Amino acid sequence: MRHRKPRREGHHDADRALGVGHVGRARRRCQQVADQSSFRKAAELLHVSQPALSRTVAGAESALGARLLERDTRNVRLTAIGQLVLEE
């Protein structure tokens, strides 16, 4: 019989949506993409491939049901929801 870990106090909705083990990594990666305004530059700094970084961001956005980053052909920036999630 498996026992569940007790929930931590102050557990945020974003933490639940992303899964506790992936929250820190997803947040750091989203923040780096926003800081660099580029998936390619962020991937280089994080020492991960660009496709892996894109999957992490897409997974976080899917789990939350909202876009965290606004993308166009030249730039990437946080959406209002992305700013709120990263502030938590």
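Let's begin with helix α3, which spans residues 39-46 in this predicted model. Three of its residues, F39, A42 and A43, are buried. Why do these three sit on the same side of α3? Around the helix axis they cover an arc of only 100 degrees, and that places them on the same side. The background is familiar: an α-helix has 3.6 residues a turn, so residues three or four places apart point the same way.

Both ends of α3 reward a look. At its start, S38 sends a side-chain oxygen to within 3.3 Å of the backbone nitrogen of R40. One step further back, S37 belongs to the loop between α2 and α3. Its phi is near 55 degrees, a positive value in a residue other than glycine. S37 counts as partly exposed because its relative accessibility is 29%, which falls between the limits of 20% for buried and 50% for exposed.

Just after α3 comes H47, with a positive phi of about 60 degrees. H47, too, is a residue other than glycine, and it lies in the loop between α3 and α4. Is H47 buried or exposed? With a relative accessibility of 72%, H47 counts as exposed.

Now let's turn to the interior. The largest nonpolar core has 15 residues. Among those with the most contacts inside this core is F39, which we met in α3, along with V33, L53, V57, L68 and L69. Which helices feed the core? At least two of its residues come from each of α2 (20-36), α3, α4 (50-64) and α5 (80-87). Helix α2 makes the largest contribution, with four residues.

V57 is a good place to pause. This residue is part of helix α4, and since its relative accessibility is 0%, it counts as buried. Setting aside neighbours within four places in sequence, V57 is in contact with C30, F39, L69 and R71. The pairing with C30 spans 27 residues of sequence, while the two C-alpha atoms are 6.3 Å apart in space.

From V57 we can step across to L69. What does L69 touch, once residues up to four places away in sequence are left out? The list holds C30, V33, A34, F39, V57, E61, V76, R77, L78 and T79. Two names on it bring us back to earlier stops: F39 is one of the buried residues of α3, and V57 is the buried residue at 0% relative accessibility. Both of them, like L69 itself, are among the residues with the most contacts inside the core.

Terms used
Residues numbered from 1 in each chain as written. Predicted model: local features only at pLDDT ≥ 70, side-chain atom pairs only at ≥ 80, totals over all residues. Heavy atoms only, no water. Buried < 20%, exposed > 50% of the residue type's maximum accessible area, 1.4 Å probe, protein only. Arc of directions from axis to C-beta. Polar contact = N/O pair within 3.5 Å; in protein donor to acceptor, adjacent residues only side chain to side chain. Core = buried A, V, L, I, M, F, W, Y, C linked by side-chain atoms within 4.5 Å. Contact = heavy atoms within 4.5 Å.
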